[in-house]
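Me: I would like a close look at a single part of this model, namely chain A and the surfaces it shares with its partners. Please take me through it with the cut-offs stated.

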Amino acid sequence: MPSPARMGPAVDRSKVEFVLDEEPVEAWVEPNQTLLEVLRTVLGHTDVKYGCGEGVCGTCTVLFDGDPVSSCLVFAVQAGGHVVTTPRGAGPPDEIAALRAAFLAAGAAQCGFCTPAMLLTVHHLLMENRAAGREDIRSGISGNLCRCTGYTKILDAVEYYQAGRRTGSGSA
Amino acid sequence: MYPAPFDYVRAGSYQEAAQLLHDRGENAKLIAGGQSLVPMMNLRLARPELLIDINDVGRGAGPVLRDGWLHMPAVTRQRALERLPAVATHAPLFATAAAHTGNVRVRTRGTIGGNLAHADPSSELSCVAVATEAEVDVVGADGSRRIAATDLFITDLTTSLEQSEVIRSVEVPTRPARTGYGFAELARRAGEFAIVIAAAVVTLDELGSCQGVRLAFGGVGARIVDGSAMAAEHLVGVDPTPDRVVAAVAGTSGASSPRDDHQASAQYRSRLMAVLGSRALRDAIAGANGASGG
Amino acid sequence: MTGRQAAPPIPRVVPRSGSVGQASVAGEFAEKIAGGLAYAADRYEPGMLYAKVVRSVLPSAEIIAIDSSEAERLPGTVAILTASDVPHNVVSEEASGLGMTVIQTPVLASKRVRYAGEPIAIAVAESPHLAEVAAESVFVDYEPLDGVYDADAALLPGSPDVHERGNVLADWNLASGDVDAAMAAADHVVVGEYFTQAVDHAYLEPEAGVGWIDADGIVTLQVATQVIEHATEIAALLGLPENRVRVIATYMGGGFGGKEDMTVEPFLALAVWNTGRKVQMVWSRQESLLARPKRHPFTMRYRTGVTADGKLVAQDIDIVGDAGAYPYLSPRVLFAGAVTAAGPYRCENTRIRARAVFTNNVPNSAFRGFGAMQVTFGYESQLDRIAATIGADAGQVRLINFLDEHDSLPTGEPVPTRPAVAATMEAATQALSEVERKEPSATLRYGRGFGCSMQPYGRTVFFQDRASSWVGFQADGTVIVRAGVTDLGGGQAASLGQIAAEVLGVDPENVVVHIGDTHLNPLTGGTFATRQLYMSGNAVLKTAMELRETLADVAADLLGVAPSHLEFGGSAVSAGDSRLTTAEWVRACEQANLPVAHMSTFFAESGDFDPRTGKGQTFPDYTYGTHAAEVSVDLETGVVEVLAYIGCHDVGLAINPLRVEGQIQGGVAQGLGYALSEEIITDNGTNQSVLFADYLMPTSREVPDIIPLILEEVPGKGPFGARGIGEPAIAPVAATIASAIENAIGARPTELPITPERILALLEERHRPGT
């Protein structure tokens, strides 16, 4: 997706190439554009959100080479040669679908603004530790702020998901 | 909300980075993890004209034990410090401090070198660097040198590094067998800057007397407070009893003048130094006893 | 005084078809979870412009000059707008609703600024980066003036005037009986002073929106707002006829009252109007923390007289609320605080005074709980003090004083529906008692406590509140609902779908709800005051019932029964074994030339209130609840951890129990932040808490599993007997935590937030028991 002429007189744009959700992408960016800005405005990823610009709220979370980062604190030029995964693009698809279904059934989303990043963070946690318990998850999501749910149903959702995997229902 | 414009270059080595800093002067800054710098840039409070990206330098090289020192490349991620066996074995306070730093995203990007170079007196890693007598290996346009952590931190956000000097690695000395470690901090909520941090290292002799003690405090003032000398006065050469621990810590917190701000009063910080310092020392003593296998 | 007029009766419908009362997950939630739902900032188009507000850096100053020449010269700047570019430079607000004189708030300041963060100009540019640079390049020359930064100080003679008329914005006075005589005759008089702080909504979605002029020349704003009806204010400030402004609400990433007043709307509208182009505005988090209205800090002074056995005989209450620099909704917030200041307790002799006071702090306005939430900390603290004074059990003292259906409120009006607060107290405390007790250690003390509350739902009845909706069948039996509601994330839209589904007998998955659009949907009034379920829910209920009634005869004829024997459910109409699918029924109606869509309006009950006497009708009803909690207190560091938490409310009927639970849990978490850590700290009018890193809202680590207990004891005035839950869920939290802390350490916090330092100070005062 080519980016429209947005910056007035051309300053210092360069092409950055990286892997986004398993597909190679390229974008013409200026150094002072964060990965967050480029994902949202050039690459169509409004599932990655601006919440604070300080790395505190977590709504801008993406996976960078497989681990979670605040995309508001990474410049797009720094992503060149790396692998970026967004909430919409996380996988494997059957696991993500099952995790989303668990969030839905548990009522774990209210306004939904924190949800895509929250789910991606949980997914990453579970990939590292399939047997993560409720308190591990509580600790693991402590960098993702939610103002609506009080977190309890998010933890419930993870337990539903794990129960589903154990009984083999709801996945694949 | 949007950073001011800047030029961007990736350095292939620490030496190259140092040269670039030298050539471009005050308006150039290094970017490693960016977890301290980029928020300031997003707020437009920091406006470097050139960012020198050192994330690729020595890519893949991790901490290794060398000649009795744990050598940690500057761009070692805090996430790696949390997880790597080499750190857990030879510099466990760094693993603990890293685990208490920021949130999971901060730790994915944040580096040991970047954290120390930022010289935030509320930094857990800075605190344990002083507690463990770590040193930084530094390269500049004209050569290299080693700086002890205690000499690195001058004041709030200011190090003794020259403008073109770049931290290459953090070196942590290994300790004798009967050594234990303690760490305690109080933050107002998960992931936030700590109000007070205490880190302790205690080495015991075969009879259980204290052979050496290190004690450092973060979050208290403009720089990391090194309470080791005061603690040593009370503890070295004797059995480190709870009363002596309390006296050791009281001496330190009495001698420093903690800062007073909207997060916490000086009086509260003083009290926390006593409480957390005692907890850290007690854990270090217990650890040293346990480490001996006896 | 014309007296209260009841709302026209809605036929009592017992939910049978299974939509209402179900934990349905229908609605927009799946899309939210998948990251597909578009929020207000999620529109990017080539050629779009970006706007940024230029704000005052001083809290009290004269503006000598505004120099935008450098900003205008920058490449990419399209316009710099100041007060002279605003056709009618007033945000019109009906601040009190009772004809009290109000101060007009300017959209853009021209001669005087009264708070740090007050808007002065708007920079419009080709990119958000350039808008930021342009905004930075507008230079304002100020002459600093004296200011006042504390509400109590603002009441003193000689304090600087924030506005010419003086610093008292509103002064509500309620009274009943003879409080002085009763106080003098009381066996005990318990005195307490309580202080609450300013807190921020801290919704995760910053203020945002996009505006444009459409092909018909209509100024259109698509924004994250709780109130689309602000369209009329936009029209007024632009000098346009009201039908030439359209506001479309997006699904919000949180509101909590912070998107109830206009946020980006006036600035976007001006930028659009001036440039003729599409414009986006997104506030930075720091801007939001700096300049958005907060929750009113209250100073509450209580004197409560009781008999020897704890019966309340006199309540003398004085509340002062910091309104900040402009009125916004302050008069109404202090009004709600006044009406509920005595709590859900019987007392025949009351004197309640609540004043909204101007200062040069950021204006305060609506925030979940709206004044009635702050006073819970006051009245519950008093009840606990009373129990301690007479040596009685805290629950027992409440039981003998709880309001019942025969009692009156301090305004003289009867309690609208039976308060089941005792039932909630029993349920919550019983549930907590089942949590295993812990043994204190050398450094930790454990404590348990509870708090009760009453929170209004619905707007005051002296506003003739109304809501309209449109419900229509498609030929295949699926349903469309159009209602101008705005959705905060609490399932406001989805519950309307559930109600329509229930009445018409279809599956909620087959109902589509279109929300918030002033041009395309009937107006329902904004989502605030916990009114949405009560108002738009009743509107949809009424509309759907009327539609069903119009069409019922057709089904009755076809099935050969009387209309009263029809049952609606399972996407069919049936009578015994005979059955018509909904689609068949609708087609038959169309063949009979009956309209298969209908619009209707629900009028809330109305009444009068006389502010001079303090007598009349106020809120239509209340939701009652009790929360209970266990905490640990670290005697060395003062740190409080919340270990167990139960929130119990009588909700009348839970339309969607899953959403009710979610509201309770979310309200509790927000309340825990209020109780223990959140504070907007200002220093002589300068906000010190403008970094999100410094604003201590709870993370998952600070919040235990919250157990929601839903009681359906007494039907309320919402559809199917529902009561509102959005605001009630936050009210009892601070009092509950304070009560648990007192149980742990033997000292009662009277100031919020209850920080570790305040705990240590309390311990020191109490001469901490030695070990």
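Reply: What follows describes chain A by itself, then its two interfaces, and then some side-chain pairs elsewhere.

This is a predicted model, in which local features need pLDDT of at least 70 and side-chain atom pairs count only at pLDDT 80 or more, while totals for chains, interfaces and linings use all residues. Residues are numbered from 1 along each chain as its sequence is written, chains are lettered from A and ligands numbered from 1 in the order in which they are written, and side-chain values use heavy atoms, with hydrogens and water left out.

Chain A has 5 helices and 5 strands, where helices (H or I, at least four residues) and strands (E, at least two) are DSSP runs numbered from the N terminus. Read from the N terminus on, these elements follow the order β-β-α-β-β-β-α-α-α-α. The radius of gyration of chain A is 17 Å, which agrees with the value near 16 Å for a compact globule of 172 residues; the radius is taken over C-alpha atoms, and the globule rule is 2.2 Å times the number of residues to the power 0.38. Along the principal axes, the C-alpha atoms of chain A fill a box of roughly 55 × 30 × 20 Å. Of the 172 residues in chain A, 68% are buried, where buried means under 20% relative accessible area, exposed over 50%, and partly exposed in between (1.4 Å probe, protein chains only). Among contacts (heavy atoms within 4.5 Å) in chain A between residues at least 6 apart in sequence, 57% join residues at least 24 apart.

Turning to chain C, 50 residues of chain A are in contact with 63 residues of chain C. The area buried between chain A and chain C is about 4,300 Å², with carbon and sulfur atoms giving 58% of it; buried area is the accessible area (1.4 Å probe) that two parts lose on being put together, summed over both. Leu104(A), Gln110(A) and Arg147(A) supply 19% of the area that chain A buries against chain C, which is more than any other three residues. Across this interface of chain A and chain C there are 6 salt bridges, each being a side-chain nitrogen of Lys or Arg within 4 Å of a carboxyl oxygen of Asp or Glu. There are also 30 residue pairs in polar contact across the interface of chain A and chain C, both residues at pLDDT 80 or more; a polar contact is a pair of N or O atoms within 3.5 Å, and within protein one must be able to donate a hydrogen and the other to accept it, while residues adjacent in sequence count only if both atoms are side-chain atoms. On the side of chain A that touches chain C, α1 (35-41), α2 (93-106), α3 (115-128), α4 (134-140) and α5 (152-167) each supply at least two residues, and the largest share, 5 residues, comes from α2(A). By class, that side of chain A holds 22 nonpolar, 16 polar and 12 charged residues, with Ala, Val, Leu, Ile, Met, Phe, Trp, Tyr, Cys and Pro counted as nonpolar, Asp, Glu, Lys and Arg as charged, and the others, Gly among them, as polar.

A salt bridge joins the side chains of Lys153(A) and Glu661(C) at 2.6 Å, N to O. Glu661(C) sits in helix α16 (residues 657-676) of chain C and counts as partly exposed because its relative accessibility is 24%. Leaving aside residues up to four places away in sequence, Glu661(C) touches Lys153(A), Pro708(C) and Ile710(C).

The contact of chain A with chain B takes 35 residues from chain A and 31 residues from chain B, and the area buried between them is about 2,500 Å², of which carbon and sulfur atoms give 54%. Between chain A and chain B the counts are 3 salt bridges and 16 residue pairs in polar contact, both at pLDDT 80 or more. On the side of chain A that touches chain B, β3 (61-64), β4 (67-70) and α3 each supply at least two residues, and β4(A) gives the largest share, 4 residues. That side of chain A has 14 nonpolar, 15 polar and 6 charged residues. In one salt bridge, Arg83(B) pairs with Glu128(A), the closest N and O atoms being 2.9 Å apart. Asp67(A), Glu128(A), Arg79(B), Glu82(B), Arg83(B) and Arg107(B) are linked in a network of salt bridges.

Elsewhere, Lys259(C) forms a salt bridge with Glu205(C), with the closest N and O atoms 2.8 Å apart, and both Lys259(C) and Glu205(C) are buried.
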